[in-house]
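This briefing looks at a few selected positions, taking a helix residue and a set of annotated residues in turn. Please keep the sequence and the structure in view while reading.

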Amino acid sequence: MTSTAREAAWNRLTSLAQRPGAAAIRSLFSRQPDRFEKFHWQGCDILLDLSKTAIDDDAMRALLGLAEAMEVMPARDAMAAGELVNNTENRAVLHMALRAPRAAGFRARKPDGGHEDVGGEVESTLAAMERFTRAVHSGEIRSATGEPFTDVINIGIGGSDLGPFMAARALWHEASPMRPLYLANADAHNWELIRPRLDPARTLVLIASKTFTTAETMANARLVRGWLEQTLGNEGMRQHLVALSTNHKATAEFGVPADRVFGFKDWVGGRFSLWSAIGLSIALGCGWDDFTRLLEGARAMDEHFLTAPAERNLPLLLALTTVWHVNGLGLDTHAILPYDHRLSRFPAHLQQLEMESLGKRTTRGGEPVRHLTGPVLFGEPGTNAQHSFMQLLHQGTTPVPADFVLIANPSHPYAANHRLLLANGLAQAEALLRGRDAEAVRAEMAAAGKTPEEIERLLPHRVFPGDRPSTTLVLPRLDAHTLGQLVALYEHKVFCLGALWDIDAFDQWGVELGKQLSTSILPELMPEGRVGPHDPSTTGLIQQLRAWQGL
Ligand code: F6P
C-alpha cells in the first residue's frame, strides 16, 4: 500500500474517533440490541467480547481498513515464512516454530540470504528436554547424594523468568512432580526468601539466560552455585546445574556439563521464549504432558491466527481494539484483570511482552513515529484488583480500557467461591459500562433515609460516569491447552500492533543504556571507589548512599 493509502486509513479512523459521542457505549447497546451477537467471536476455546467498547460498525470497518493498509496479514505471513522481520537485529522471529510439528516446515531466513530448516533443531531439543524431564521424575537422574530431586529453581530474569514463572504458577498443583521456584531479582533478599525452603541435596538449579551474560542472572547463578558447592563439593555441585541458553561457550566456562545444556536459537526472542528450552522449569515442575499440551494450545492459536479471516481473527481484533483506544480515543493505559488466581503472574508476563515490544518511538524505516504507540500496562488478579486500583477505573479522570479474563469452570470443588468470583468480574465490567446516574443515587439514598441536604452534598461523589470500555475473554477452563492459547493470543496481538504502528516489536534497545550506566556506577560503590562525573542528582544520591554505608 502507498503511504497515501496508509495516511487515508489513519485519517478515516481518527476522524471517526473524533465524532461527538464517539466514546459512548451505552447508546450503542440501545441502538443495536443484538450488539453482543455482532461483537463477540470465538477462536479455538476463547470467546472474545468487544461489545463493551465504543467500536461500532463504522469504526470496525475503519480499523479493518487500517489493518489492510498497514499490510498486517502479509507481515504475519512474512514472519511465518522466517523472513528477517526483526529488522534492527537482522533476525527471523519464529517462536511459532517452537510449538509446531516438524512437518509444518518452518524455515529461518539467514542474514546471508539463504534459509535454514528449524524443525529438526526444535524436535531434537524437545526430545532431549523430554528425556531429561522424565529421567528426573523417574529418579533415574538423581542428586549428587543419590536422592531424588524434589525442587527445581529457575535463575533468570525478564523473558527467562516471567513466562515460565507465569505458566508454572498457572499449572502447578499438589500432585505435580516437583516444586518450581523462581529467582530473578539481583537483590539477594529474593534469594534469602527462597533459600530456607530448599535443601541443596534435593535441588536442581536451572540457569536460564539466552545470552548467559545478563548481570543479575549471573550474579544469582554464582550465589546459588556457591551454596550448592558448600554442601556438595565441586563435583557434586556440577551434577545439580543445568543451563538454558544460546551461549554454549559461556555455559561451559561456568561449569555446566555439556549434556546439561539445552539450547535454542536467536530467532527466539526472550519474551517469546517460554516455549523453548527456557520452559524446562514448567516441564520439570508441572510434568512433561502439561508442557506438551501448553505447546499444543499455542499451536492451535497459531493456526487460528494464520488462517482466520481478518474480521474474525482474534489477535488482530484485540490489537485493533488497542489502536481504537490508544490512537482513536487517546487512552494510553491498559489494565489486565484475570479473574483466576492461578493467572496472578499473567499481568507481569504481559507487561514485558507488550511494553518491551511496543515501547518504541521510531518506525521500522528509522523515522519518528507519528502516532502514540504502546500503552502503559498493569494488572492484578480479580477480585484483589477491586480493592486496590479499580476505584480509579470507575471514577478517575481518564478511562482505562481493561481486559477481563473469566474462566467458566474452576479446578477446585468450591462452587460458591467460584460463583462469587465470576459475579464480581461480570459486575465490574457492567459497572464500568453502566455507571450510576444522579437519579439512581438520589433514589438509593432516599430509601436509606438520608436527608435531602445530605443527598445533595454526597451526590457528586457517588455518581459514576459509565461508558468506560472493557474487553472480556472467556475460557471454558484453565488448563495447559487453554493457557497456551491465551498466551499465544497476546503474543500475536503484539505482533499485529507492531505491524499497525510500523515499529519493530522484537528489539529492545531502550534497556541497554541503563545496563551500561550501572556497569560504570558499580565501582563507585566500592569502598575505595570515587564518585565519577554524573548529573548532580545522581552524584548527590551516590554520596548519600556511601555516607549511610559509612564509606
Ligand atoms: O531486559 C532486556 C532483556 O534482554 C530481555 O529482553 C530478556 O528477556 C532479559 O533481558 C533476559 O535476557 P537473558 O535471557 O539473555 O538473560
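Two residues are in contact when heavy atoms of theirs lie within 4.5 Å. The model is predicted, and the points below are grouped by residue and by annotation.

**Q485 and its surroundings**
- Q485 sits in helix 19, which covers residues 480-501, and its relative accessible area is 0%, so Q485 counts as buried, a class that applies under 20%.
- When residues up to four places away in sequence are not counted, Q485 touches G43, C44, D45 and I46, as well as G297, A298 and M301.
- The side chain of Q485 is also joined to the side chain of H481 by a polar contact of 3.0 Å.

**The annotated set**
- An unreviewed UniProt entry carries the annotation "active site" for E356, H387 and K515.
- These residues span 160 residues in sequence, and the farthest two C-alpha atoms are 35.6 Å apart, so they do not all gather at one spot.
- From this set, E356 and K515 are included in the lining of the largest pocket.

**E356 and K515 individually**
- E356 belongs to helix 14 (residues 346-358) and is partly exposed, with a relative accessible area of 23%.
- Apart from neighbours within four places in sequence, E356 is in contact with R271, Q351, D507, Q508 and V511, and with R271 there is a polar contact between the two side chains at 2.8 Å.
- K515 lies in helix 20 (residues 512-521) and, at 44% relative accessibility, likewise counts as partly exposed.

Technical notes. Residues are numbered from 1 along each chain as its sequence is written. This is a predicted model: local features need pLDDT of at least 70, side-chain atom pairs count only at pLDDT 80 or more; totals for chains, interfaces and linings use all residues. Side-chain values use heavy atoms; hydrogens and water are left out. Helices (H or I, at least four residues) and strands (E, at least two) are DSSP runs, numbered from the N terminus. Buried means under 20% relative accessible area, exposed over 50%, partly exposed in between (1.4 Å probe, protein chains only). A polar contact is a pair of N or O atoms within 3.5 Å; within protein, one must be able to donate a hydrogen and the other to accept it, and residues adjacent in sequence count only if both atoms are side-chain atoms. UniProt positions are given in the numbering used here, feature names are shortened, and annotations may be inferred rather than shown by experiment. On a 1 Å grid over the protein atoms alone, a cavity is a set of points where a 1.4 Å probe fits but cannot get out, and a pocket is an open set with protein on both sides within 12 Å along at least five of seven lines; lining residues have an atom within 4 Å of a point.
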